[in-house]
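Work through these exercises with the model open. Each task comes with a solution in short steps.

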Amino acid sequence: MFNDFCQIDELFSEDELMIQNIVRDFTNKEIIPIIGDCFEKCIFPKDLVKKIADLGILGIVTPEQYGGAGMSYTHYGLAMQELERGDSSIRSFCSVQNSLVMFPILEYGTEDQKNKWLPKLATGECIGCFGLTEADAGSNPAEMLTNAVETENGYLLNGSKMWITNGCIADIAIVWAKLDNKVRGFIVEKGTPGFSTNEINHKFSLRASVTSELIFNNCEVKKENILLSTGMRAPLSCLTRARYGIAWGVIGAAMGIYENTLKYTKDRKQFGRPIAGFQLTQDKLVWMLTEIIKAQLLNWRLGKLMDSNNATPANVSLVKRNNCEIALKIARVARELHGANGISNEYDIIRHSLNLESVKTYEGTHEMHTLIVGKEITGESAFV
Ligand SMILES: Cc1cc2nc3c(=O)[nH]c(=O)nc-3n(C[C@H](O)[C@H](O)[C@H](O)COP(=O)(O)OP(=O)(O)OC[C@H]3O[C@@H](n4cnc5c(N)ncnc54)[C@H](O)[C@@H]3O)c2cc1C
């Protein structure tokens, strides 16, 4: 149990804390006991999907009329924090489903698309993925080569997407492609002629998450499956929401790492005393705790800005950037404090540490978020 040193819980409503406690219990009972094995064997625990849906956290901010829970972004953040205390892979699954699949359908979909897909996505009956990144278009997705051509019956998609979370297990993919040189979103259903997926193997990070390549070879997308948005603003608005969840999630991972490390240093004896008694160890533990508390406060504030619709993309970038960096640094310091045990999957530290390497990179690298905030404060774009 994380020691709430600065009584941050007081900032949250009873209702928000209730969701946090429900997800915390779920993580303790359902994720932590199995996740080390899943990581080692590269298995996504798909049977958790229905259980997560039953908690109401797929579609947590989606209106109830579409099968969602209609809760706030603060609820969403606390849920992501607690899930990632278990593992970044499970939180990644939920971020994709909520922010990268349900959000674009809600925001840019037709009424028919919302009614058809959102309730099934909320129950986990349908799994989604989000295809923006390509092998040669990562930090600058506007350079994408995947394109669509209008036909009599719909659209023909050609190209490929790389590093797509949930890709091989998804029933639908939200795919971004250029139509008449403008970025458009398409709902590509599993089994559509010309659509195939390949699993990306050999990962040393997010091993309990499915990561895939999506291939479109004259893929025939139905006319009714195009989203209404035009331009990069739409995929970027999805990323803003996913980055928000990440900012909370990584601090959940850091909280888990800190709790385990505090316990380990109290138990582990060298030179006849617990290593927690050494000044150098205490310096590390105090630094970890301080950075976690600072990040929790940032998350709380960002949550309130999201709830009042006042958060800017640059606000989200600042917090995603800070929290990912801090969580990864905490994981690395915790690894040192665990000595040799720190590299074993019998302890959670190396798993979290390796996962956080991906989380710091995806949804915009540390550098991209520096440039986004830099542009906001100086008025100068340093991207090229
Ligand atoms: C496990 C995992 C899951 C993912 N899931 C998804 C998903 O579901 N959907 C999806 O669409 N994508 C997904 N991604 C892709 C992810 O978003 C990209 O990897 C990320 O945006 C970075 O792109 P890149 O890997 O091509 O790196 P690059 O863009 O090639 O960047 C390489 C390095 O160059 C730096 N760099 C680039 N441009 C600049 C610049 N102008 N100034 C300074 N530095 C610069 C970067 O910061 C980075 O350090 C996933 C990635 C991973 C690892």
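**Exercise 1. Asn-218 and Asp-180**

Task: How exposed is Asn-218, where does Asn-218 lie, and what is its phi? Then do the same for Asp-180.

Solution. Start with accessibility. Asn-218 has 44% relative accessibility, so Asn-218 counts as partly exposed. The cut-offs are these: buried is under 20% relative accessible area, exposed is over 50%, and partly exposed is in between (1.4 Å probe, protein chains only).

Next, the place. Asn-218 is in strand S7 (residues 211–222). Helices (H or I, at least four residues) and strands (E, at least two) are DSSP runs, numbered from the N terminus.

Now the backbone. Asn-218 is not a glycine, yet has a positive phi of about 50°. Most residues other than glycine have a negative phi.

Turn to Asp-180. Asp-180 sits in the loop between S4 and S5. Asp-180 has 65% relative accessibility and so counts as exposed. Its phi is positive, about 50°, although Asp-180 is not a glycine.

A word on the model: it is predicted, so local features need pLDDT of at least 70, side-chain atom pairs count only at pLDDT 80 or more, and totals for chains, interfaces and linings use all residues. Residues are numbered from 1 along each chain as its sequence is written, and side-chain values use heavy atoms, with hydrogens and water left out.

**Exercise 2. Strand S1**

Task: Which way do the residues of S1 point, and which strand is joined to S1?

Solution. Take strand S1 (residues 128–131). Gly-128 and Phe-130 point one way. Cys-129 and Gly-131 point the other way. All of these are buried.

Look at Cys-129. Cys-129 lies in S1, and at 0% relative accessibility Cys-129 counts as buried.

Find the partner. S1 and strand S4 (residues 172–179) run parallel, joined by four bridges. Two strands pair if DSSP finds at least two bridges between them. Opposite Phe-130 stands Ile-174 in S4.

Finish with a distance. From Cys-129 to Ile-326 is 28 Å in space, C-alpha to C-alpha, and 197 residues in sequence.

**Exercise 3. Salt bridges**

Task: How many salt bridges does the structure hold? Which parts do the pairs of Glu-82 and Lys-116 tie together?

Solution. Count first. The structure holds 18 salt bridges. A salt bridge is a side-chain nitrogen of Lys or Arg within 4 Å of a carboxyl oxygen of Asp or Glu.

Take Glu-82. Glu-82 forms a salt bridge with Arg-24, and the closest N and O atoms are 3.3 Å apart. Glu-82 is in helix H3 (residues 73–86) and Arg-24 in helix H1 (residues 14–41), so the pair ties together parts 58 residues apart in sequence. Glu-82 is buried at 0% relative accessible area. Arg-24 is also buried, at 11%.

Take Lys-116. Its side chain meets that of Glu-189 in a salt bridge, 3.8 Å from N to O. Lys-116 is in helix H5 (residues 111–123) and Glu-189 in strand S5 (residues 182–189), so this pair ties together parts 73 residues apart in sequence. Lys-116 is partly exposed at 37%, whereas Glu-189 is buried at 16%.

Take Lys-294. Lys-294 forms a salt bridge with Glu-291, with the closest N and O atoms 2.9 Å apart. The two are three residues apart in helix H7 (residues 279–307), so about one helical turn separates them. Lys-294 is partly exposed at 46%, and Glu-291 is buried at 12%.

Last step: the network. Arg-24, Glu-82 and Arg-85 are joined into one network by salt bridges that share partners.

**Exercise 4. Asn-323**

Task: Is Asn-323 buried or exposed, and what does its side chain contact?

Solution. Locate Asn-323 in helix H8 (residues 313–337). Asn-323 has a relative accessible area of 0%, so Asn-323 is buried. Its side chain makes a polar contact with the side chain of Asn-322, at 2.9 Å. A polar contact is a pair of N or O atoms within 3.5 Å; within protein, one must be able to donate a hydrogen and the other to accept it, and residues adjacent in sequence count only if both atoms are side-chain atoms.
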